[in-house]
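Visitor: I'd like a close look at one part of this protein, please. Could you pick a strand pairing and walk me through it and its surroundings?

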Amino acid sequence: MSHPYNDASGITHTQSCSMSSSDYSCEVGEKVTVLYDPGRPIHSNIDSFSTLWLGPMVVIGVSLFTGSFLAVWFVAMNSMMKKRQSQGII
C-alpha cells in the first residue's frame, strides 16, 4: 500500500509501507508523523510501534529464547559428562 507524505520543504513523496495489516490504526486522510532521512526521503517509516519496534523485539525475543535453551542444554551436557567421568564411563 502506498502512502503519500509531505517533507519539511513541502515536497510530496510516496512510500510503500513494508508492513501491511487489515487492522491498521490510521484512517484514510488522518495525519500521522512520518520519520524520514532528509537526504533520502524515500527511506521513511510511519512513527508507530509496529513499524519501528515490532521487528527488533521479535528478533530479540527469539534470540533470548534460543540462547536460554542452548545455555540450559550446555549445562545439562556438562553435568552429564562430569557424572559419567566420575563413574569411570568415559
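Guide: Here is a walk through one hairpin, with the rest of the chain as its setting.

A word on the source: this is a predicted model, so local features are given only at pLDDT of at least 70 and side-chain atom pairs only at pLDDT 80 or more, while totals for chains, interfaces and linings take in all residues. Residues are counted from 1 along each chain as its sequence is written, and side-chain values rest on heavy atoms, with hydrogens and water left out.

The protein has one helix and four strands, in the order β-β-β-β-α from the N terminus. Helices (H or I, at least four residues) and strands (E, at least two) are DSSP runs, numbered from the N terminus.

Our part is the pairing of β3 (residues 34-37) with β4: the two run antiparallel and are joined by four bridges. Strands pair here if DSSP finds at least two bridges between them. Two residues make the link in the hairpin from β3 to β4. Going across the pair, L35 sits opposite N45 in β4, and Y36 faces S44.

Let's stop at S44, which belongs to strand β4 (residues 40-46). Its relative accessibility is 12%, so S44 counts as buried. The scale is simple: buried is under 20% relative accessible area, exposed is over 50%, and partly exposed lies in between (1.4 Å probe, protein chains only). Who is around S44? Leaving out neighbours within four places in sequence, S44 is in contact with Y5, Q15, V34, L35 and Y36; contact means heavy atoms within 4.5 Å. Burial is not widespread, by the way: 9% of the 90 residues count as buried.

Now for D37 and R40, whose side chains meet in a salt bridge at 3.8 Å, N to O. The term asks for a side-chain nitrogen of Lys or Arg within 4 Å of a carboxyl oxygen of Asp or Glu, and the structure holds one such bridge. D37 has a relative accessible area of 34%, so it is partly exposed.

Just outside the strands there's V32, in the loop between β2 (12-16) and β3. With a relative accessible area of 36%, V32 is partly exposed. V32 and D47 are 15 residues apart in sequence, yet their C-alpha atoms are 7.4 Å apart in space.

Past the hairpin comes helix α1 (residues 49-86), with 38 residues. From first C-alpha to last, α1 reaches 53 Å, close to the 56 Å expected at 1.5 Å a residue; that expected span is 1.5 Å times one less than the number of residues. After α1 comes G88, with a positive phi near 75°.

W53 lies in α1 and, at 52% relative accessibility, counts as exposed. W53 also helps make a nonpolar surface patch of about 610 Å², together with F49, L54, M57, V58 and V62. Patch residues have over 30% relative accessible area and no salt bridge; like charges are joined within 9 Å, and nonpolar side chains (Val, Leu, Ile, Met, Phe, Trp, Tyr) within 5 Å. Overall, the protein exposes about 7,500 Å², with carbon and sulfur atoms supplying 63% of it. Accessible areas come from the Shrake-Rupley method with a 1.4 Å probe, and for residues only the protein chains shown count as cover.
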